[in-house]
Amino acid sequence: MSTAVPKASETAQREVKDSTDKNLTSQPSDDVQSAPPEVLLTQMITGSLGAQAVYVAAKLGIADLLADGPKSVGDLARAAGVDPPSLYRVLRALASCGVFTEHDDQVFDSTPAATLLRSDSPGSLRDLAIFMGEDWHWQVWGHTLYSVRTGKPAWKQVHGEDVFPYFAANPEASGIFNRAMTSLSNLAIKAVVEAYDFSGIATLVDIAGGHGSLLTSIMNANPFLRGVLFDVPHVIEGAKENAAIKALSSRCDLTTGDFFVSVPAGADGYIMKHIIHDWDDERALQILSNIRQVMKSNASKCSSHLAARNAPPPNTKTFSHVRVSTLRVSCRQSHRTVLSRRGLRKGRRTARREKTIYHFSFWHLAGKPAVFI
Ligand SMILES: C[S@@+](CC[C@H](N)C(=O)[O-])C[C@H]1O[C@@H](n2cnc3c(N)ncnc32)[C@H](O)[C@@H]1O
């Protein structure tokens with residue numbers, strides 16, 4: 001037995017049929033349904049202001065400056081090297097949303113949400129906030145209309161080259177992107193580790209696994225597992241600095257390559273997270289086919305997309321399918337047709353952790369249970 005099967009644990013998992021795909025991406029959460037329409041729309045229309053305010057606080061390290069207690073705006077502005085009245089307005093706006101709290105005399109303190117902007121807090125979202133607000137990324141979202149009009153990636157329109165070559169040529173932006181991906185992974189990791197039983201897998205490959213936080217978490221929870229982290233060369237260079245990778249060096253290999261050409265062969269488990277949605281049909285199928293080609297016949301594959309159904313808008317899953325960075329959103333139906341010809345069938349599962357629901361899709365070789373996150 002060398003396949004991984006989803007655990008039927010009491011963490012309230014439930015099967016969701018493939019046919020609900022559409023609902024998974026378009027059903028509004030309960031919060032959305034209960035909000036007055038003008039409130040809902042105003043929140044969305046002005047949402048970019050909130051994102052920039054969080055970005056400014058994250059970039060300036062305000063939450064880190066408040067780690068050992070409340071500080072006045074004057075002290076914070078001095079430490080960050082910025083204009084005090086302008087910083088005050090941003091912090092007051094954030095405090096009105098529960099990110100920071102204001103005491104008398106323009107003194108600010110941390111809150112649970114602000115703590116997540118600290119660079120050292122478990123589950124920190126600081127890097128994600130920085131990634132979303134950096135000028136080179138912000139401009140791309142400002143060209144969403146271009147993508148909708150042309151079906152082409154706005155990234156190339158803005159930067160003159162595609163997103164991953166851009167990161168290869170811009171180490172600072174690449175570092176921010178990879179740390180942001182790690183932040184996003186950290187949101188999903190516990191649910192993945194709890195949701196699936198990896199006990200049948202001897203070697204697990206994470207295809208385009210970034211800096212390896214998902215893979216190393218799965219390996220730490222499953223000490224029998226060997227891991228292979230696969231990504232492009234400059235990302236693997238960054239992964240070498242990951243303390244979790246260093247700690248697991250005796251059973252984790254780092255491999256570089258191009259998933260459009262080939263992927264590491266012969267493992268009995270493959271996972272991919274936040275990959276397929278980046279590519280158009282042709283390229284998505286190339287990746288999936290390259291994995292299918294080298295899988296052991298009894299291997300399992302996972303693909304994952306984090307989606308918090310009960311989060312307020314914008315829903316991370318549906319918005320990540322608005323492709324401004326890479327190519328047009330790929331068509332799941334066509335993946336299913338091609339892969340089913342190669343013996344793979346698709347299933348879907350959800351796992352609930354606290355108030356968040358995570359969706360996983362998995363593909364299995366006919367007759368064998370297998371996982372795709
Ligand atoms: C959206 S990130 C996801 C990273 C990671 N799986 C995660 O969820 O944090 C996409 C990843 O695909 C990698 N990638 C892009 N093009 C690639 C290629 N041609 N071959 C291998 N990896 C590639 C990027 O370097 C990046 O790490």
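Start with helices H4 (residues 47-60) and H7 (residues 84-96): in this predicted model, their axes come within 10 Å and cross at roughly 115 degrees. The crossing of H4 past H7 is left-handed. If you want to find where they touch, look on the H4 side for Ala-53, Val-54, Val-56 and Ala-57, which meet Val-90, Ala-93 and Leu-94 of H7. Sort that contact by residue class and you get seven nonpolar, no polar and no charged residues. The H4 residues in the contact include Ala-53, Val-56 and Ala-57, and there's a handy bit of helix geometry to keep in mind here. With 3.6 residues to a turn of α-helix, residues three or four places apart point the same way.

Next, the small matter of a sheet. Three strands make an open sheet in the order E3-E5-E4, and the pairing is antiparallel. E3 (71-72) and E4 (101-103) are the edge strands, each pairing on one side only. Between E3 and E5 (residues 107-109), the antiparallel pairing runs over two bridges. In one of the bridges to E5, Lys-71 has Phe-108 as its partner. As for what holds such strands together, sheet strands pair through backbone hydrogen bonds, either parallel or antiparallel.

Further along the chain, have a look at Val-192, which sits in helix H14 (residues 171-195). Why does Val-192 count as buried? Because it has 25 C-beta neighbours inside 10 Å, and the cut-off for buried is 20 or more. From Val-192 you can hop across to Leu-214: they're 22 residues apart in sequence, yet 8.6 Å apart in space, C-alpha to C-alpha.

Leu-214 brings us to helix H15 (residues 213-221), where Ser-213, Leu-214, Leu-215, Thr-216, Ile-218 and Met-219 are buried. What covers the buried residues of H15? The cover includes H14 and helix H17 (243-247), along with strands E7 (203-207), E8 (226-231), E9 (252-256) and E10 (269-273).

Now for the ligand. There are 15 residues around it, and Met-181, Ala-208, Gly-210, Lys-273 and His-274 come nearest. By class, the shell is a mix of eight nonpolar, four polar and three charged residues.

Finally, zoom out to the whole chain. Its secondary structure comes to 20 helices and 13 strands, and buried residues make up 39% of its 373 residues. Among contacts with a separation of 6 or more, 67% come from residues 24 or more positions apart.

Technical notes. Residues numbered from 1 in each chain as written. Predicted model: local features only at pLDDT ≥ 70, side-chain atom pairs only at ≥ 80, totals over all residues. Pairing = 2+ DSSP bridges. Helix = DSSP H or I, 4+ residues; strand = E, 2+ residues; numbered from the N terminus. Axes fitted to C-alpha atoms, helices over the stretch in contact; angles between N-to-C directions. Left-handed = near helix turned anticlockwise from the far one by under 90°. Contact = placed C-beta atoms within 7 Å. Nonpolar A, V, L, I, M, F, W, Y, C, P; charged D, E, K, R; others polar. Near = placed C-beta within 6 Å. Buried ≥ 20, exposed ≤ 12 C-beta atoms within 10 Å, placed from the backbone.
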